[in-house]
Amino acid sequence: MTDRPNAPDYTHEQRIQMHMLTSIARSQRALTQILEAVADLTQKSADAHISSESITTNPKETVQRVVDNIQQISNYQRQLTAKITGITIRRRVRVRGHNGKPWLNHEYVTELRQGIQE
């Protein structure tokens with residue numbers, strides 16, 4: 001039992017699941033901070049033309065490796081979250097195509113034309 005009057009009673013399994021989801025969310029925030037730090041470091045080294053280690057010798061390759069690793073970790077966390085919650089989280093897929101013709105309300109266009117003619 002909890003000290004709060006209307007607090008729900010969670011099972012041991014639910015508490016573990018909530019703890020794991022909280023940990024995954026914390027990990028996602030840490031990954032974001034890592035990406036920002038690498039981006040800042042790469043930008044500073046490119047601006048200052050500092051020659052130190054592999055970041056400055058090939059910053060794009062280093063950043064790409066970090067991004068790839070973070071994407072793999074995120075994919076793993078997405079799968080883990082789906083197993084814990086039973087909810088699948090789909091990645092948004094960009095769809096490329098051609099724009100269609102604009103849709104016009106012909107009644108409104110007719111009213112506009114009549115208003116312009118008057």
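**Close-up views of a four-helix chain**

**View 1. Surface and overall make-up of the protein chain.** About 10,900 Å² of the protein chain is exposed, and 54% of that area comes from carbon and sulfur atoms (Shrake-Rupley method, 1.4 Å probe; for residues, only the protein chains shown count as cover). This is a predicted model, in which local features need pLDDT of at least 70 and side-chain atom pairs count only at pLDDT 80 or more, while totals for chains, interfaces and linings use all residues. Residues are numbered from 1 along each chain as its sequence is written, and side-chain values use heavy atoms, without hydrogens and water. The chain holds four helices and zero strands (DSSP runs numbered from the N terminus: helices are H or I with at least four residues, strands E with at least two). Of the 118 residues, 11% are buried (buried is under 20% relative accessible area, exposed over 50%, partly exposed in between; 1.4 Å probe, protein chains only).

**View 2. Glutamine 77 in helix H3.** Helix H3 spans residues 59–85 and includes glutamine 77. This glutamine 77 is buried, at a relative accessible area of 8%. Leaving aside residues up to four places away in sequence, glutamine 77 touches Ile24, Ser27, Gln28 and Leu31 (contact means heavy atoms within 4.5 Å). Across the protein chain, 59% of the contacts with a separation of 6 or more join residues 24 or more positions apart.

**View 3. Helix H4.** Residues 106–117 form helix H4, whose twelve residues reach 16 Å from first C-alpha to last, close to the expected 16 Å (1.5 Å times one less than the number of residues). Helix H4 is hardly covered, with zero buried residues among its twelve.
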